[in-house]
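Visitor: Please take me through one strand and the sheet pairing around it. After that, show me how the chains join, and give me the overall figures for the partner chain.

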Amino acid sequence: MNIVACVKQVPDTEAQIKVKPDGSGIDEGGIKWVMNPYDEFGVEEALKMKEKFGGDVTIVCVGPARAMETIRTALAMGADKGIHISDPALENADAYTTASALAAAIKGVPYDVILCGQRAIDDDSGQVGSVLAELLGIPQVTVVTKVDVDGQKVKVVRPIEGAQLVIESALPAVITATKGLNEPRYASLPGIMKAKKKPVDVKDAAALGVSADAKAKVGKFIPPPARPPGKIICADDTPEGKAAEVAKLLREEAKVI
Amino acid sequence: MAKGVWIVAEHRDGALRKVSFELASTARKLADQTGDEVAAVVVGSGVEAMAAELGKYGVDKVFVADNAAFEPYTTDAHAAAVAKAVKDNDPAILLVGASAQGKDLAAALVGKLAAGLATDCTDVKIEDGKLVAVRPMYAGKCFGEVVFNAAPAMASLRPNVFPIVETAKAGAVVKFDAGVDAGALKTKVVEVQKEASGKIDVAEANIIVSGGRGMKGPEGYGILEELAGVLGAAVGASRAAVDAGWRPQSDQVGQTGKVVSPNLYIACGISGAIQHLAGMSSSKYIVAINKDNEAPIFAKADYGVVDDLFKVVPALTTECKKLMA
């Protein structure tokens with residue numbers, strides 16, 4: 001069984017995000033870059049499938065030169081080879097363009113399952129996996145917490161508001177992973193050593209025949225609105241007194257209860 | 001040329017969901033600025049009667065695809081149907097709910113329509129006759145103003161943020177054949193496991209009572225459930241509490257959970273890690289209850305209580321009960 005896992009390099013969740021003064025983007029100084037946490041769930045699931053059914057795991061990533069580190073991390077976890085789509089023209093690519101590049105790269109790879117994170121925690125778009133499925137003309141099941149492959153079918157669990165859906169899909173398919181699917185493994189030291197020798201193909205947009213014309217783009221980045229300073233409730237200094245004061249403020253000042 | 005403001009109306013168990021009225025009201029507001037009509041697409045089985053209800057919230061025309069193959073929702077069937085209607089009619093703007101189903105549908109439509117989509121928007125406006133969508137990025141650590149170079153310009157709207165406004169319009173039904181062959185569909189829902197009835201999802205709640213490491217264990221959440229019961233709120237959790245196995249993943253608020261903007265967020269025993277603050281600081285009002293007066297959560301709170309939450313929360317429940325009686 002051949003599996004493709006798509007990954008993206010993103011700022012760590014603890015990163016402070018500062019908008020550049022001209023609003024053209026974020027200031028990348030001092031940011032620690034990591035594999036998108038949702039993609040880690042995808043890579044882990046890919047490795048589990050490989051352990052169960054055999055085959056190869058190919059990592060595909062769109063990102064600048066630094067993203068090679070994220071591909072090596074996935075290879076160190078146990079993936080077999082990588083494709084790094086690196087092109088300055090793709091740096092602010094929208095979901096459609098990114099998915100087009102992934103689709104073009106993946107067309108040259110045999111696959112039964114494609115795993116993606118349900119969204120990247122930088123732009124929070126949550127589109128690339130779905131668009132990729134459409135461009136490849138295969139079914140998709142998104143935001144899943146359980147995956148069972150059975151022959152030419154896959155059964156997944158997808159949580160929605162107030163319920164969980166059990167969905168069956170034909171393969172090949174794109175599956176997007178969310179938290180709860182698994183516990184991603186850490187790369188072992190021998191894994192890290194081996195990863196250095198695993199093959200990674202580097203391709204640019206022209207080689208893949210992808211146009212970088214965005215359908216949507218962020219015209220301006222804006223810092224979040226500052227919250228007005230709040231007040232510390234003192235009242236009569238007993239927990240009951242403070243609780244009564246908060247309840248009163250919520251009712252009479254904020255009018256939210 | 002592309003023209004008109006469209007929405008995809010979402011329904012479940014035979015009724016329109018609240019986000020559909022938010023979409024209709026917002027579409028009406030945008031269409032009044034561009035001088036266009038508002039149309040809705042409803043895909044389902046036995047859904048024609050929903051059209052009249054959409055008319056109440058400013059929808060002029062309702063495109064209905066009615067077929068047993070559309071229940072329950074699957075991405076392939078619904079995306080094919082909506083894409084057909086869009087391709088045949090060429091709207092300029094398409095709004096979808098940023099619910100679990102809406103986000104799934106919208107992303108698939110981007111692929112089918114070669115369009116651009118701004119996900120989980122908190123504001124949409126018209127500038128120079130075109131849609132500009134405002135959305136949180138990095139879980140709310142910054143915002144982006146999205147502009148579009150393709151039609152339809154698509155935006156999914158975060159539930160509970162956009163006001164519902166009644167404007168009577170015709171809601172005239174236009175039936176269309178989506179050309180979806182049930183036999184050719186590649187996915188199907190084989191089971192729906194419903195959670196305990198009455199449970200409100202944090203992504204759709206008006207009020208969230210949330211607990212972190214300070215709850216000390218899963219049993220600590222009992223007092224939060226009680227307060228939530230009185231307030232009609234959802235119970236949320238920090239990443240620390242979810243990673244410790246105290247609460248289900250679906251309750252997690254923050255950068256690797258759900259990003260929320262309720263009217264009221266009550267943070268109990270949550271110190272305020274940056275990834276958590278990002279996920280909740282667009283709440284209208286924030287109450288923080290924590291023993292540590294230096295916890296970063298207090299910088300975001302409108303009302304801060306420095307005290308033992310195990311004493312404050314039950315007292316707050318009693319007070320709220322009194323006030324709301």
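Guide: Start with one pair of residues. Leu115(A) in β6(A) is the bridge partner of Ala5(A). Strands here are DSSP runs of E, at least two residues long, and helices are runs of H or I, at least four long; both are numbered from the N terminus.

This is a predicted model, in which local features need pLDDT of at least 70, side-chain atom pairs count only at pLDDT 80 or more, and totals for chains, interfaces and linings use all residues. Residues are numbered from 1 along each chain as its sequence is written, chains are lettered from A and ligands numbered from 1 in the order written, and side-chain values use heavy atoms, without hydrogens and water.

Back to the strand. Ala5(A) and Leu115(A) belong to a parallel pairing of β1(A), residues 3-7, with β6(A), over 3 bridges. Two strands pair if DSSP finds at least two bridges between them. Strand β6(A) also runs parallel to β11(A), residues 173-177, and 5 bridges join them. There, Cys116(A) has Thr176(A) as its bridge partner. In general, strands of a sheet pair through backbone hydrogen bonds, either parallel or antiparallel.

Now the cover. β6(A) spans residues 113-117, and 5 of its 5 residues are buried. Buried means under 20% relative accessible area, with a 1.4 Å probe and protein chains only. Val113(A), Leu115(A) and Gly117(A) point one way, Ile114(A) and Cys116(A) the other. All of them are buried.

Next, a sheet with strands from both chains. Its 6 strands form an open, parallel sheet in the order β14(A)-β18(B)-β17(B)-β16(B)-β14(B)-β15(B). β14(A), residues 231-232, and β15(B), residues 234-237, stand at the edges with a single partner strand each, so one side of each has no neighbour in the sheet. Between the chains, 2 bridges join β14(A) to β18(B), residues 303-306, in parallel. Lys231(A) has Tyr303(B) as its bridge partner.

Finally, chain B as a whole. Chain B has 8 helices and 18 strands. Its radius of gyration, taken over C-alpha atoms, is 21 Å, close to the 20 Å from the globule rule (2.2 Å times the number of residues to the power 0.38), so chain B is as compact as a globular protein of 325 residues. The C-alpha atoms fill a box of roughly 60 × 45 × 40 Å along the principal axes. Of the 325 residues of chain B, 61% count as buried.

Definitions and conventions. Buried means under 20% relative accessible area, exposed over 50%, partly exposed in between (1.4 Å probe, protein chains only).
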